[in-house]
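Biologist: I should like to learn how to read the features of a protein model. Please take them in turn, giving the general idea and then the case at hand.

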Amino acid sequence: EAATEAATEAATEAATEAATEEPMKQAVQAVGDASLAFECETGNYHTFCPISCVSWLYQKIQDSFFLVVGTKTCGYFLQNAMGVMIFAEPRYAMAELEEGDISAQLNDVEELRRLCTQIKQDRNPSVIVWIGTCTTEIIKMDMEGIAPKLEKELDIPIVVARANGLDYAFTQGEDSVLAAMAAKCPQLPAPLPGTPAPAHAPLVIFGSLPDSVATQLELELKRQGISVSGWMPSNRYKDLPEVGEEVYVVGINPFLSRTASTLMRRKKCKLITAPFPVGPDGTRAWVEAICKALGVEPKGLEERERQAWESVKDYLDIIKDKSIFFMGDNLLEVSLARAMTRAGMTVLEVGIPYMDTRYQSAELEMLKNTCREMGKPLPRIVEKPDNYMQVQRIKELRPDLAITGMAHANPLEARGINTKWSVEFTFQQIHGFTNVRDLFELVTRPLRRNESLPEEWQTFVKDGAPVAQATGV
């Protein structure tokens, strides 16, 4: 029996090693490949729950109220993730589903009517946004069917957005909300006879940004003689931009593909396909693409980009010729990989939860061209990555920096891999020329921190320390 168990264990170990070695060979080969290598490992969404989009959208849309329809687990998540206590009276709330709701013993319409009536009396918002969760998907709650009835009764717009973790990654919660709002944007009226023609076609920018960053990007476009007709979302729901066949729209973030599709298909807008304004090179390309679409000759952008790179020269010296590995979390990975390549880093792998190659086509093309111009190998792009296999590839490739979710940061640090939380890039102001220093401060922080530590503190695992063995049952 002992001999049989030993043989079985040896066979299992050999099979595990073989399964690990093969992806490692593929990863190494892909790093030196001549073209972008796309793969899909069909792993789980190892990201934050997309209902966390409430945390920034309720602050951006100042006359809104967000009602998350879910279980106590959703409430606990929002409470912990946003750190806002109930007595602070934020403009969001939880509609907790209980056993009676899930077993269809209670009437969904009556319960939502009661809650929305109370919200209107207490807050009187311009719009109520219903956020669907995993539970509403599983029990097939007809939120889209209920909303129009209550809209008429309460005389208040109700926007229904699905932000469940079954179908969406972290930042796609915002995409779902904006896509629902895009369907409610007013139609651009035909110009009145005798009205002078504008300098260029109307331009609408979609994507949520802090007001200061949005103003900075508007000023960059104003330098080119381009005025922005509207933003979606706007600070007030009543100020939603007018859209239509003559309106050009451009995205601010790479995770807004459904919003782009809604504006094109349902509102017949013209989408400007452009890289995203992350990093000096991306911001320049974004402005240039808008200028080209609107028939405006860009001017002074080369100098603006040069000044932006010059302002972060001290950070560029730290990351030059370093390697970076993106595990995938917030869909900003391709834009960040392109910016880091331009800064002199070698990108080993770009993990991303969801890839819309049409919406990100300009970004992917720019990544390819940047690698060629900088003499860097093209990265391997993995959609829905399997985290176990990624950890094996990190162990083999030993990157200087890994951009990862919070769950994997400490285990990788314990093994001597520098890490940075990907969620920080979502909440930090990294768009435009003026925020370039904030972007590279984030990237270099773990490298600067570890350089300042004594050598014996470089890893959390002491040399020669016993390693606990996993035991099977």
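The dialogue that follows takes up burial, the nonpolar core, a helix, backbone geometry and cavities.

Modeller: This is a predicted model, in which local features need pLDDT of at least 70 and side-chain atom pairs count only at pLDDT 80 or more, while totals for chains, interfaces and linings use all residues. Residues are numbered from 1 along each chain as its sequence is written, and side-chain values use heavy atoms, with hydrogens and water left out.

Biologist: Is Met181 buried or exposed?

Modeller: Buried means under 20% relative accessible area, exposed over 50%, and partly exposed in between, with a 1.4 Å probe and protein chains only. Met181 is buried, at a relative accessible area of 1%. This residue belongs to helix α8 (residues 172-182); helices (H or I, at least four residues) and strands (E, at least two) are DSSP runs numbered from the N terminus.

Biologist: Which residues does Met181 touch, leaving out those up to four places away in sequence?

Modeller: Contact means heavy atoms within 4.5 Å. By that rule Met181 touches Ile61, Val129, Val159, Met232, Tyr237 and Leu240, not counting residues up to four places away in sequence. Leu240 is 59 residues from Met181 in sequence, yet their C-alpha atoms are 8.4 Å apart.

Biologist: Which residues touch the most other members of the largest nonpolar core?

Modeller: A nonpolar core is a set of buried Ala, Val, Leu, Ile, Met, Phe, Trp, Tyr and Cys residues joined through side-chain atoms within 4.5 Å. The largest has 105 residues, and Phe66, Ile131, Leu203, Trp286 and Phe440 touch the most other members. A second, separate core has 20 residues, among them Leu67, Val69, Ile128 and Leu150.

Biologist: Which residues of helix α12 are buried?

Modeller: An α-helix has 3.6 residues a turn, so residues three or four places apart point the same way. In α12 (residues 301-311), the buried residues are Leu301, Glu305, Ala308 and Trp309. They lie on the same side of α12 because they cover an arc of only 95° around the axis, the arc being that of the directions from the helix axis to the C-beta atoms. Their cover includes α11 (279-294), α13 (313-319), α14 (333-342) and α19 (436-452).

Biologist: What should I look for in the backbone?

Modeller: Most residues other than glycine have a negative phi, and most peptide bonds are trans. Here a cis peptide bond joins Met232 and Pro233, with omega about 5°. Pro233 is in the loop between β7 (230-232) and β8 (248-251).

Biologist: What is the phi of Asn124, and what is that of Leu331?

Modeller: Asn124 has a positive phi of about 50° although it is not a glycine, and Leu331 has a positive phi of about 70°. Asn124 lies in the loop between α5 (108-122) and β4 (127-132) and is exposed at 54% relative accessibility. Leu331 lies in the loop between β10 (323-326) and α14, but is buried at 1%.

Biologist: How many cavities of 30 Å³ or more are there?

Modeller: On a 1 Å grid over the protein atoms alone, a cavity is a set of points where a 1.4 Å probe fits but cannot get out, and lining residues have an atom within 4 Å of a point. Grid points are joined across faces, edges and corners, and a volume is the space filled by probe spheres set on the points. There are four cavities of 30 Å³ or more, and the largest holds about 50 Å³. Its lining consists of Val250, Gly251, Leu271, Ile272, Thr273, Ala274, Phe276 and Tyr359.

Terms used: On a 1 Å grid over the protein atoms alone, a cavity is a set of points where a 1.4 Å probe fits but cannot get out, and a pocket is an open set with protein on both sides within 12 Å along at least five of seven lines; lining residues have an atom within 4 Å of a point.
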